[in-house]
Every structure is written in structure tokens, then in C-alpha cells.
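This briefing introduces a protein structure to a reader who is new to the subject. Please keep the sequence and the structure in view while reading.

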Amino acid sequence: MTLDRHWIEDHIPHQGRMCLLDEVLNWSSVRVQCRSSTHRALSNPLRAKDRLAAVCGIEYAAQAMAVHGALIASRIGASARNVPVAGYLASLRNVVLYAERLDDVEADLIATVELVRGDDRTVLYDFSVSAGKRTLLAGRATIVFNSLPRTAE
């Protein structure tokens, strides 16, 4: 199975230009790495005043978190009845920006997320976005899920 942009768009809520990731490089039950070249695109929807601020890297990481959740759900064969409808970025901690901008970075971005802990309601991830050997930003994020309502059986 190829985990390219088409697969990503089919498995996360972000579509079209708002889907920022190009492919999944590797993944496990606790980690995923995704590659992107969209930070250089003039049509990037997060650009402001012809620039893409480094803080926008948080969205790249958040999409990698969504990809990780979709991969885990597909691995365990989760049905639509018991998969959270949507995840919301509830908090960010210890975010450090090592760059001002992303649009001037020549190399592709690598969004890496690692699951610290989680359950059906919330997950905690450490994340980083890098290019080559340079870390551009890093931090920790909490995602809260909006679960499907339970039906009477």
C-alpha cells in the first residue's frame, strides 16, 4: 500500500491545498514521519504576506498526528462506529521555534510525531518539524476527540 498524498487525503479531514503532507515515510504504533514540499508553494493556504511563518509547522505536525491516528485505526480494523469523528488541538506545550520562516527552507519538511500516551478521548504527542539535519520547531500537543454518539443496542 502506497501512503501518498491520495491516501492521506482519503484518511484525514484536510483536503485539496489544505492537505499539507505529501507522503508517509515510515510509521509504527507510536510514531510517524511524513514528508512535505508544500511549504515552498506560493498557493500554500497558510501563507500570509508571501511568507510561511515557522509557527505554521504546528499544522504540519497536527496533520501527521491525524495520519498516525488513521494508520492505527486501519491497523486494528476499526469500524466507523468506534472511530472518533474529529480530533481537536486542545493544547500546545514547550513549543520552540528554531526558525522564523518555512517558505525559505529549500529541503522538504519532515513532520515527526511520537505518541506519549492516549486513550479514546485524548492523546498526547511529542512533535518536531525538520529539514535535512535542522530542527525547525518542536513541542508537545494534546488532541481531544469528538467521539461518535453511542446508539442504543
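The points below cover strand pairing, salt bridges, cysteines and a surface patch.

The model is a predicted one. A search of the whole structure finds 9 salt bridges, whereas the number of disulfides is 0. Strand β4 pairs with β2 through 6 bridges and with β5 through 8 bridges.

**Strand pairing**

- Strand β4 covers residues 109-118 and runs antiparallel to β2, to which 6 bridges join it.
- Within this pairing, Arg31 has Glu114 in β4 as its bridge partner.
- Strand β5, residues 122-131, is also antiparallel to β4, and 8 bridges join the two.
- Opposite Gly118 stands Val123 in β5.
- The connection from β4 to β5 is a hairpin through 3 residues.
- As general background, side chains in a regular strand alternate between the two faces of the sheet.

**Salt bridges around Arg5**

- Glu9 and Arg5 meet through their side chains in a salt bridge, with an N to O distance of 3.9 Å.
- Both residues belong to helix α1 (residues 5-11); because Glu9 and Arg5 are 4 residues apart there, about one helical turn separates them.
- Glu9 is buried, since its relative accessible area is 18%, and the cut-off for buried is under 20%.
- Arg5 has a relative accessible area of 23% and is therefore partly exposed.
- Arg5 also forms a salt bridge with Asp22, where the closest N and O atoms are 3.7 Å apart.
- This second pair links distant parts of the chain: Asp22 is in the loop between α1 and β1 (23-27), Arg5 is in helix α1, and 17 residues separate them.
- Asp22 is buried, with a relative accessible area of 14%.

**The salt bridge between Asp108 and Arg40**

- In the salt bridge of Asp108 with Arg40, the closest N and O atoms are 2.8 Å apart.
- Asp108 lies in the loop between β3 (86-97) and β4, and Arg40 in the loop between β2 and α2, so the salt bridge ties together parts that are 68 residues apart in sequence.
- Asp108 is partly exposed, at 25% relative accessible area, and Arg40 is partly exposed as well, at 34%.
- Asp108 and Arg40 belong to a network of salt bridges that also links Arg5, Glu9, Asp22, Glu23 and Arg35.

**Cysteines**

- In general, a disulfide is a covalent bond between the sulfur atoms of two cysteines.
- This structure holds 0 disulfides.
- Cys19 is in no disulfide, and its nearest cysteine sulfur, that of Cys34, is 9.4 Å away.
- Cys34 is likewise in no disulfide.
- The 9.4 Å distance between the sulfur atoms of Cys19 and Cys34 can be set against the cut-off for a disulfide, which is within 2.5 Å.
- Cys19 counts as buried, with a relative accessibility of 0%, and Cys34 also counts as buried at 0%.

**A nonpolar surface patch**

- Val55, Leu89, Leu92, Val95 and Leu97 form a nonpolar patch on the surface, and together they have about 370 Å² of accessible area.
- Val55, one of these residues, lies in the loop between β2 (31-36) and α2 (57-76).
- With a relative accessible area of 44%, Val55 is partly exposed.
- Val55 can therefore belong to a patch, because patch residues need over 30% relative accessible area, and Val55 has 44%.

Notes: Residues numbered from 1 in each chain as written. Predicted model: local features only at pLDDT ≥ 70, side-chain atom pairs only at ≥ 80, totals over all residues. Heavy atoms only, no water. Patch = residues over 30% accessible without salt bridge, like charges linked within 9 Å, V, L, I, M, F, W, Y side chains within 5 Å. Areas by Shrake-Rupley, 256 points an atom, 1.4 Å probe, with all protein chains shown as cover. Salt bridge = Lys/Arg side-chain N within 4 Å of Asp/Glu carboxyl O. Buried < 20%, exposed > 50% of the residue type's maximum accessible area, 1.4 Å probe, protein only. Pairing = 2+ DSSP bridges.
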